[in-house]
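Visitor: Could you walk me through some of the labels people put on a structure like this one?
Guide: Sure, let's have it up in front of us.

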Amino acid sequence: MSRTALRICPLCEATCGLTLTIEGTRVTKARGDRDDVFSKGFICPKGASFGAADGDPDRLRTPLVRENGELREATWDEAFDAVAAGLRPVVEEHGPHAVGVVLGNPNVHTMAGALYPPVLLAGLRTHSLFTASTVDQMPKHVSSGLLYGDAVAIPVPDLDRTDHLLLLGANPLESNGSLCTAPDFPGKLKALKARGGTLTVVDPRRTRTAKLADRHVAIRPGTDALLLAAMAYVLFEERLVDLGELAPQVQGVDELADALRDFSPEAASRSCDVAADVIRDLARELAAAPTAAVYGRIGSCTVPHGTLASWLVDVLNILTGNLDRPGGALFPLSATDKAPRPAGPGRGFALGRWHSRVSGHPEAKGELPLSALAEEIDTATGEGSPVRALIAVATNPVLSAPDGDRLDKALGSLDFMVSVDPYLNETSRHAHVVLPPPPPSQAPHFDFAFNTFAVHNQVRYSPAAVPLEPGRMAETEILARLVLAATGMHGADPGAVDALVIDQTLGKAVTDPHAPVHGRDPGELAAALTGDSGPERRLDMMLRLGPYGDGFGARPDGLTLEKVLAHPHGIDLGPLTPRLPQPLKTRSGRIELLPEPIAGDLPRLREALRERSAGFVLIGRRHLRSNNSWLHNVPALTGGSNRCTLHIHPEDAERLGLTDGAPVRVRGAGGAVTAPVEVTDGIRRGVVSLPHGWGHDRPGTRMSHAALDPGVNVNQLLDGSLLDPLSGNAVLNGVPVELTSTS
């Protein structure tokens, strides 16, 4: 007998609502939930394959513990005993920074991943934190921190109302959007054009998104910041700057004009390979549009000037008066955000509060560059202890970080490693303990992270669609027990972690004069929380204290967990609205248009005006049926266009004697790989492209389908030395490479 259940898709940032068909405990079908208040029935191939990903037979079902060099199945008690025995001696002998924590991309796609790592980090007090953000989006966090005083105050394009959209380094028809949570991004772009709006795409490849555009600008990879700076120059030169209602909120306009005086379109044109008149047209069209938004993503983040490019995206929105207005770029307001406080100066945002031990990289947002993880493990020189133990949660840096070969060896030298992962993959195979979470159908879901970037305010919660199988442990309990084992409280009730967070949060809230619960008894408030588990009680607390919450009865019409559960398709909280100056946390209480770290990095960008590589440069690419390295073990999501091939322009292929399907050797600073050629005029001359997340050919893994067509690890071409200095983000695009035919 089959039944249906609702579930928010956890396989990408679009967070679409799904209707699952379930037979017994097996998901047999997934379709779009037409009544979902956010996605309205949209589904992509990843969501349609939810059942296959959920039921993958290679998913681990029981913990693994290393014994005599081999991993064996173990009980949960044995596994956590081993975790405590492995981690605590390292902390006690070498200090907390000797324990590294690595958090991967899938971590933000689970409810547990949002709730427990912050508690783990607070308990450990380690500075050795590495995440996927520094191979992806850290430049945007840093630029937002410097502009607005808050690293997570990231404005998103108002896709449903804008008249003009300029996209850089983004391919949402394949990726479904990123740092811009938008189900049916393709439909929103088509609707933009249907209402007479304009879509401009800046990308070295003629992607599916670029094919939809009114104008496609095939920029030289890595030069996005130069193009944007030249556009800002035009706005100043032609007196097109119009801050509108933003003017009282902004400081540093005149200083910015002076700082950009060298970045004329004519000066930038040679490096970015975009004609000066095209750059001027882009700036004029942006200024003339009734409403407009500039949006840049991974292609403009993972470059040598990623933070400057991310900053200039917002600068253009500000100079044209399009920040914080409908049809422009707006700040979302999630249901679990902190309730808005009165506007005023804040503590600001600081970089470099500590530095990495070996190369002295400054921290950003509490993180060190993932590119530095290997040297922090395998290099003894420098003050303090190397990383001797590692906690890896939903991460595969052997494939996602530069120079996976070096990291692979470094992981094998650790005193102890614990991995929370459903697979034995290229990274978790090194662990002394592997803790496998259950499949997503057996877990509740709430998008804490992605709702803060959503293009429409809404709230949705999915209880588990399938009961937890016997022998499985909920991911929330796994991570709660990991917190206890790592912080010297092994054996305590895992519910104590949630209780501690609730007590601390409510204890702080009742002393806050701006909180709706000011002056009340925290014990009474805790007793009022609903939910069948500690995580649900925490969610109820966050909803009640949040911007739409009931304030524990202070606002009877406000949100609670019970109210959200009563609306299984979600609750529409309305379109994004102007919010300034409330989100600003800068010391001045205003948008600081030219913060000192940005001004200090501009000379490096001026030097780039004179740079141009004569050889090939490499860029990555995303496939619609892929998401980094996670989904290559699902047969329905591999094959077809989702292949690990080297894209090269026909003229370049002919010059090198390369033919379609022939092998080519690609060499970079970190090593070399051999991949089949795919000749296409969809990429500009002088540029080649390999997709990210492949290289499933290392021994000791248990990903049988991925191993059948392993592909090559594009990040092995990198040695980890190229970083954006402000954010520590790895440079993955615009990297020089050499090509050699091997046929």
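Guide: What follows is a short chat about one helix and some ring contacts. This is a predicted model, where local features need pLDDT of at least 70, side-chain atom pairs count only at pLDDT 80 or more, and totals for chains, interfaces and linings use all residues. Residues are numbered from 1 along each chain as its sequence is written, and side-chain values use heavy atoms, with hydrogens and water left out.

Visitor: Why is helix α6 called largely enclosed by the rest of the structure?
Guide: Buried means under 20% relative accessible area, with exposed over 50% and partly exposed in between (1.4 Å probe, protein chains only). In α6, residues 138-148, 11 of the 11 residues are buried, so the label fits.

Visitor: What do the buried residues of α6 pack against?
Guide: They pack against α14 (298-301), α15 (306-319), β20 (591-592) and α24 (596-608). Helices (H or I, at least four residues) and strands (E, at least two) are DSSP runs, numbered from the N terminus.

Visitor: What makes Tyr148 and Phe331 an edge-to-face pair?
Guide: Rings of Phe, Tyr and Trp (its six-membered ring) pair if their centres lie within 6.5 Å; planes under 30 degrees apart are stacked, over 60 edge-to-face, the rest tilted. Here the centres are 5.2 Å apart and the planes at 90°, so edge-to-face it is.

Visitor: And why is the pair of Phe446 and Phe448 called tilted?
Guide: Their centres are 4.8 Å apart and their planes at 55°, so that pair is tilted. Phe446 and Phe448 are both buried.

Note on methods:
Contact = heavy atoms within 4.5 Å.
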